[in-house]
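Me: Please take a close look at one helix in the model below and at what surrounds it. I would like the packing described in plain terms, with the cut-offs stated.

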Amino acid sequence: MGVGVFDKWLQTEPVQLPAGPLQYEALVESGQIGEAELLEQLGREVARNYVTPGELALVFDDLGAPEVARYVRTNMFPAETRTRHGDFGEIVTGALYRRVRRWCVPILKLRWKQTANQAVQGTDVLAFRLRQNPPVVAVPEVKTRATRKLDLGQEAHESLEKILDKDRLDESIRFVMVRCFERQQGFLARRIAEVLRQPEHRSVERHMVFVHDHAAWKEEVVTRLAGIVKQPTELTVVKISNLQDFVARVYKAAEAQSTPKDHSRDAAA
């Protein structure tokens, strides 16, 4: 999903910045991209977060599209609505940091799920600025909600503070490092190893991303959060209309994206 698609899909909404160390940005749908194009692009982004390149060809060889689609539904994409929403929020966050904000997001964590409906332990997303001195690690805590929850900020704050415990953060950084090494990205793995090895020589930033149903959103969430945040924290709220239905349609598009085109032609022949 290119920067252009994100720029057409989301635009910044003017907000009243709270007093204190909380930095707040709201993104809303702009209406500048057609639904078909948006679903295709988001479906592709969702699919690539689950499907390792070459995996379907390895598993299916000459089988047709229906078998591929059934395998994807059963073994890759979560069936539970709550899990899909959580995964979707992480996928949007990863794409936002990687493609728009130009952070280094080395891995797509969802590819390492043991089962489709089980979350991978550790931070939701890890993003790096490895060329800075000291290198920066952004730790976004992601929450996706289709219904109103005014204490969402407090919940995210508590989760983020637990994740920022040095041992837990080191576990997540190590996970990223090992995955990069396995993919033969030696230079990147070594740079992340330096971040892991020298915790005193790294800057850790607190980030939160709320992917939220637009109609259910209340600014009181930000007001409450601002009242408890004591350290610099960046909050991004992505407001999406009819979020539950939208996520369902994106996953349907992702299933179509995961069906190899040559298999589709074979099935139609």
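The part in question is helix H5 (residues 81–100), and the answer below starts there before moving to other parts of the chain.

Reply: This is a predicted model, in which local features need pLDDT of at least 70 and side-chain atom pairs count only at pLDDT 80 or more, while totals for chains, interfaces and linings use all residues. Residues are numbered from 1 along each chain as its sequence is written, and side-chain values use heavy atoms, with hydrogens and water left out.

The setting comes first. The protein has 11 helices and six strands, where helices (H or I, at least four residues) and strands (E, at least two) are DSSP runs numbered from the N terminus. Of its 269 residues, 50% count as buried; buried means under 20% relative accessible area, exposed over 50%, and partly exposed in between, with a 1.4 Å probe and protein chains only. Among contacts (heavy atoms within 4.5 Å) between residues at least 6 apart in sequence, 74% join residues at least 24 apart.

H5 itself has 20 residues and reaches 27 Å from its first C-alpha to its last, close to the 28 Å expected at 1.5 Å a residue. The expected span is 1.5 Å times one less than the number of residues. Of the 20 residues of H5, 16 are buried, so the helix is largely enclosed by the rest of the structure.

Two helix partners of H5 can be described in detail. Two packed helices are described by the angle between their axes and the distance between the axes. Axes here are lines fitted to C-alpha atoms, for helices over the stretch in contact, and angles run from 0 to 180 degrees between N-to-C directions.

One partner is helix H10 (residues 243–258), whose axis comes within 10 Å of that of H5 and crosses it at roughly 80°. That makes H5 roughly perpendicular to H10, on a scale where angles under 35 degrees count as roughly parallel, over 145 as roughly antiparallel, 65 to 115 as roughly perpendicular and the rest as oblique. On the H5 side the contact involves Thr-81, Arg-84, His-85, Asp-87, Phe-88 and Ile-91, which meet Leu-243, Gln-244, Phe-246, Val-247, Val-250 and Tyr-251 of H10. These residues divide into seven nonpolar, three polar and two charged. Ala, Val, Leu, Ile, Met, Phe, Trp, Tyr, Cys and Pro count as nonpolar, Asp, Glu, Lys and Arg as charged, and the others, Gly among them, as polar.

Another partner is helix H2 (residues 35–50), which packs against H5 at an angle of about 100°, with the axes 10 Å apart. H2 is thereby roughly perpendicular to H5. From H2, Glu-45, Val-46, Arg-48, Asn-49 and Tyr-50 meet Asp-87, Phe-88, Ile-91, Ala-95, Arg-98 and Arg-99 of H5. The residues of this contact comprise five nonpolar, one polar and five charged. Asp-87, Phe-88 and Ile-91 of H5 take part in the contact with H10 and also in the contact with H2.

The backbone just beyond H5 has a feature of its own. Arg-102, in the loop between H5 and strand S3, has phi near 65°, a positive value in a residue other than glycine. Its side is open: Arg-102 is exposed, with a relative accessible area of 58%. Asn-242 also has a positive phi, near 50°, and is found in the loop between strand S6 (233–240) and H10. Asn-242 is exposed as well, at a relative accessible area of 55%.

Further along, the loop between strand S3 (127–129) and S4 contains Pro-134, which is joined to Asn-133 by a cis peptide bond with omega of about 0°. Pro-134 is partly exposed, with a relative accessible area of 34%. Leaving aside residues up to four places away in sequence, Pro-134 touches His-201, Arg-202 and Ser-203. The C-alpha atoms of Pro-134 and Val-195 are separated by 9.1 Å, although the two are 61 residues apart along the chain.

Helix H6 (residues 152–163) can be set beside H5: H6 has 12 residues and reaches 17 Å, close to the 16 Å expected. Its buried residues are Leu-152, Gly-153, Ala-156, His-157, Leu-160 and Ile-163. The face of H6 turned away from its buried side carries the exposed residues Glu-158 and Lys-162. Among the elements covering the buried residues of H6 are strand S4 (136–145) and helix H7 (166–182).
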